[in-house]
Amino acid sequence: MSVLIKNGRVITAADDSIADIYIEGETIVAIGKNLSYKADKVIDATGKMVFPGGIDPHVHLSMPFMGTFSSDTYETGTRAALYGGTTTVIDFVLQTQGDSLKNALTDWQSRATGTAVGDYSFHMAVTDYNENVKAEIKQMVEEEGITSFKTFMAYKGALMVDDRQMFGLMSEVKKQGGMVTAHATNGDMIDLLVAKHRSEGKLSPLYHYLSQPEVTEAEASNRFAQMAGYTGCPAYIVHLTCEGALNAVREAGARNYQVFAETCIQYLILDASLYEQNFEGAKWVMSPPLRKKKDQAALWAGINQGLLQIVATDHCPFMWEQKLMGKDDFSKIPNGHPAIENRFELLFSEGVNKGKISLSKFVEVSATNAAKAFGMYPRKGTIAVGSDADVVIFDPNEQHTLSAATHHMNVDYSGYEGWQVTGKVKTVLLRGKVAIDDNNCLVDKGYGQFIKRNKVTGKL
């Protein structure tokens with residue numbers, strides 16, 4: 001199967017020009033003006049922007065959490081991602097404490113293999129670092145193509161590792177050519193504040209936010225960065241939300257530490273005032289929580305300063321009925337927010353259209369930098385000869401409204417209900433095949449492939 005995309009405005013992190021793209025099979029073969037190739041399918045992209053397929057390196061599909069599972073499966077979640085212009089996601093395999101990384105991987109493979117619609121890869125979340133796990137790190141990197149290892153600095157007794165385990169993991173992962181990532185919040189301090197609020201009968205969603213003040217994230221981000229600097233391990237802070245944590249990254253950079261950071265679309269455009277809506281605020285109960293408007297300004301600046309290299313989602317949806325598990329106690333509300341389908345369009349609408357970021361920066365933080373950071377570039381994250389033909393044809397002027405009534409995520413509410421967006425994904429190609437066109441999905445369950453990743457360079 002061959003495809004010729006004609007007359008689009010092709011935008012990558014480095015280039016911006018009117019060009020044709022010729023695709024054979026799964027790969028981009030040629031890019032240039034007025035290409036003369038004969039193709040099985042011709043797509044006229046006149047007046048449209050043509051972007052690399054988006055990469056969301058932070059999603060949770062079919063994830064067990066707080067006695068339930070996130071409501072998007074690999075089928076529904078990766079399909080929704082494709083509708084929103086994201087062609088590849090990276091999910092988190094969660095090691096069970098006391099068990100092996102290999103058994104955890106087998107569990108997650110059983111959920112994804114043959115069901116994913118879009119392409120995917122895995123991070124390995126290490127929750128119990130010991131000598132047996134240490135011996136598995138090399139296998140994960142070299143045989144499985146899993147080169148990033150997540151740690152939690154919160155959720156004691158379930159996911160949290162202590163500083164001794166963190167230090168040991170960093171030392172081994174550096175040796176094997178990988179990266180350590182962190183949910184960087186001070187779990188002990190958060191647990192204390194949660195207990196305090198509950199004992200005082202303060203049980204609404206607002207107290208989820210008040211149990212995780214900015215200092216809990218700033219302190220942990222600094223601690224993580226300092227350990228990364230000492231060990232020399234490439235490091236990455238997930239879902240960074242606030243000015244204090246951003247300053248920790250800034251200071252790490254001044255010391256020449258290899259510390260990358262992502263934020264998520266919700267932290268750029270939503271704020272903590274939503275928690276004042278009584279239990280409706282449960283829609284935005286996530287960890288870390290939404291922050292103040294001053295933090296939004298800091299995050300946009302951090303993107304433009306190169307301190308935040310990636311915008312992800314931390315997509316972890318729960319049905320409203322699941323959120324109601326915490327109707328009488330904020331600490332029992334499943335943490336998570338649906339956004340896998342909305343990230344690309346919201347980032348364009350709120351970022352590019354409002355002059356906060358450039359088009360090249362948009363491509364960097366939505367696709368290219370994730371591919372580079374996590375060992376998929378140039379196969380993914382760019383439009384170039386030899387790259388996978390993951391392509392988004394985008395109308396920058398089409399206005400539409402986000403709503404649970406029209407989204408494709410398996411969740412019965414939207415965190416952006418009624419949000420007016422300028423810019424619409426029109427056609428998406430995944431490895432050369434038209435996956436989304438005219439709001440229809442044209443690829444089947446199981447088309448998505450697992451993407452083995454290369455060793456981490458620690459550079460973008």
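These legends describe close-up views of a predicted model.

Local features here need pLDDT of at least 70, side-chain atom pairs count only at pLDDT 80 or more, and totals for chains, interfaces and linings use all residues. Residues are numbered from 1 along each chain as its sequence is written, and side-chain values use heavy atoms, with hydrogens and water left out.

**View 1. Packing of helix 7 (residues 214-231) and helix 8 (residues 243-254).** The two helices (DSSP runs of H or I, at least four residues, numbered from the N terminus) pack at an angle of about 15°, with their axes 7 Å apart. Helix 7 and helix 8 are therefore roughly parallel to each other (an angle under 35 degrees).

**View 2. The contact of helix 7 with helix 8.** Helix 7 contributes E214, E217, A218, S221, N222 and A225 to the contact (heavy atoms within 4.5 Å), and helix 8 contributes E243, G244, A245, A248, E251 and A252. These residues divide into 5 nonpolar, 3 polar and 4 charged; Ala counts as nonpolar, Glu as charged, and Gly as polar.

**View 3. Helix 1 (residues 74-83) and its cover.** Of the 10 residues of helix 1, 8 are buried (under 20% relative accessible area, 1.4 Å probe, protein chains only). They are Y74, T76, G77, T78, A80, A81, L82 and Y83. Their cover includes helix 2 (101-112) and strand 9 (86-94), a strand being a DSSP run of E of at least two residues.

**View 4. The two ends of helix 1.** At the start of helix 1, a side-chain oxygen of T73 lies within 3.2 Å of the backbone nitrogen of E75. Just after helix 1, G85 has a positive phi of about 90°.

Technical notes. Axes are lines fitted to C-alpha atoms, for helices over the stretch in contact, and angles run from 0 to 180 degrees between N-to-C directions. Angles under 35 degrees count as roughly parallel, over 145 as roughly antiparallel, 65 to 115 as roughly perpendicular and the rest as oblique. Buried means under 20% relative accessible area, exposed over 50%, partly exposed in between (1.4 Å probe, protein chains only). A polar contact is a pair of N or O atoms within 3.5 Å; within protein, one must be able to donate a hydrogen and the other to accept it, and residues adjacent in sequence count only if both atoms are side-chain atoms.
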